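This report looks at one helix and the loops on either side of it. Please have the sequence and the structure at hand while reading.

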Amino acid sequence: MAYSDFKLNEVSQRFGLTVNEASGMFADVPEAECSDLLVTILGENVDLAVAINTEKARSEMIISPVLLEIRRKFKGKISLFSGVDFTVDIQQGLNGFCDFIIRPLAKITRTGKMPIPQEKITLVGWASCPSNNFMETKNENLKSGLAQCIAEMVAAQLFNERQGNEIKSIYGVITIGTIWQFLKLQDKVISIDLSEYYIKDIKKILGILVSAIQQP
């Protein structure tokens with residue numbers, strides 16, 4: 001198996017997770033300011049990315065600029081990985097590629113050509129591309145990413161444990177660029193925020209991402 005092979009019921013049963021679903025889990029998280037640079041980039045890119053309607057376009061034109069904004073907020077003191085092999089435990093199916101990983105800046109070693117994070121991981125992300133019938137299928141497409149994202153979060157939790165990295169929670173993101181949904185894994189409880197955040201709410205999206213990275 002690989003991350004992308006898991007179904008939601010399967011990933012929760014295999015790893016003994018309790019699933020907690022509720023709206024507004026991040027309602028109290030303060031917004032973060034959005035730079036003029038990101039405002040300009042999103043103003044130029046969002047409609048074009050939606051018109052092209054491919055995962056690559058949404059990833060490059062919307063998601064990556066948002067994550068680079070986060071990196072600038074931390075003055076480059078976090079590492080951002082995109083499309084990396086994150087194999088933690090093949091026998092448990094915790095292997096495959098993560099669309100995005102964020103972690104504190106630290107030394108990077110290399111296996112082959114792929115950079116592997118060696119210190120604690122705080123946030124993993126999975127990007128989904130909708131079908132052409134975007135308005136009718138957006139919910140199904142976000143939901144289709146839940147199991148994969150949760151499996152990646154479990155892998156990040158296991159990775160941190162094996163590395164002796166003390167970290168309270170792992171955060172996950174599912175996004176199609178224009179819509180973002182957030183998850184949190186703490187111990188054996190996976191919390192899924194049923195609230196969806198639209199790109200027009202970019203300050204709230206940035207605030208949640210900043211909060212996830214700043215956790216103790």
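The sections below describe the helix, then the loop before it, then a buried side chain within it, and then the loop after it.

## Helix α3

The model is a predicted one, and the part considered here is centred on helix α3, which covers residues 55-73. With 19 residues at 1.5 Å a residue, α3 should span 27 Å, and because its end C-alpha atoms are 26 Å apart, the expected and the computed values agree. The helix nevertheless carries a kink of about 35 degrees at Ile 63, a position shortly before the proline Pro 65.

Both Ile 63 and Pro 65 are listed among the buried residues of α3. The list also includes Ala 57, Arg 58, Ser 59, Met 61 and Ile 62, and, further along the helix, Val 66, Leu 67, Glu 69 and Ile 70.

## The loop before the helix

Two residues of the loop between α2 and α3 deserve attention, beginning with Asn 53, which lies in that loop. Its phi is near 60 degrees, a positive value in a residue other than glycine. Most residues other than glycine have a negative phi. Asn 53 has a relative accessible area of 12%, and because buried means under 20%, it counts as buried.

Thr 54 is found in the loop between α2, residues 36-52, and α3. At 34% relative accessibility Thr 54 counts as partly exposed, since this value falls between the limits of 20% and 50%. A polar atom of the Thr 54 side chain lies 3.1 Å from the backbone nitrogen of Ala 57, and Ala 57 is one of the buried residues of α3. The C-alpha atom of Thr 54 is also separated by 9.6 Å from that of Ile 176, although the two residues are 122 residues apart along the chain.

## A buried glutamate

Glu 69 lies in helix α3 and, with a relative accessible area of 2%, is buried. Its side chain makes a polar contact with the side chain of Ser 35, at 2.8 Å. When neighbours within four places in sequence are left aside, Glu 69 is in contact with Ser 35 and also with Glu 33, Cys 34, Leu 38 and Leu 206.

## The loop after the helix

Beyond α3 comes Lys 75, which is found in the loop between α3 and β2, residues 78-85. Although Lys 75 is not a glycine, its phi is positive, at about 55 degrees. Lys 75 is exposed, with a relative accessible area of 71%, whereas Asn 53, in the loop between α2 and α3, is buried.

Conventions. Residues numbered from 1 in each chain as written. Predicted model: local features only at pLDDT ≥ 70, side-chain atom pairs only at ≥ 80, totals over all residues. Heavy atoms only, no water. Helix = DSSP H or I, 4+ residues; strand = E, 2+ residues; numbered from the N terminus. Expected span 1.5 Å × (residues − 1). Bend = angle between axes of the 7 residues up to and from the residue. Buried < 20%, exposed > 50% of the residue type's maximum accessible area, 1.4 Å probe, protein only. Polar contact = N/O pair within 3.5 Å; in protein donor to acceptor, adjacent residues only side chain to side chain. Contact = heavy atoms within 4.5 Å.
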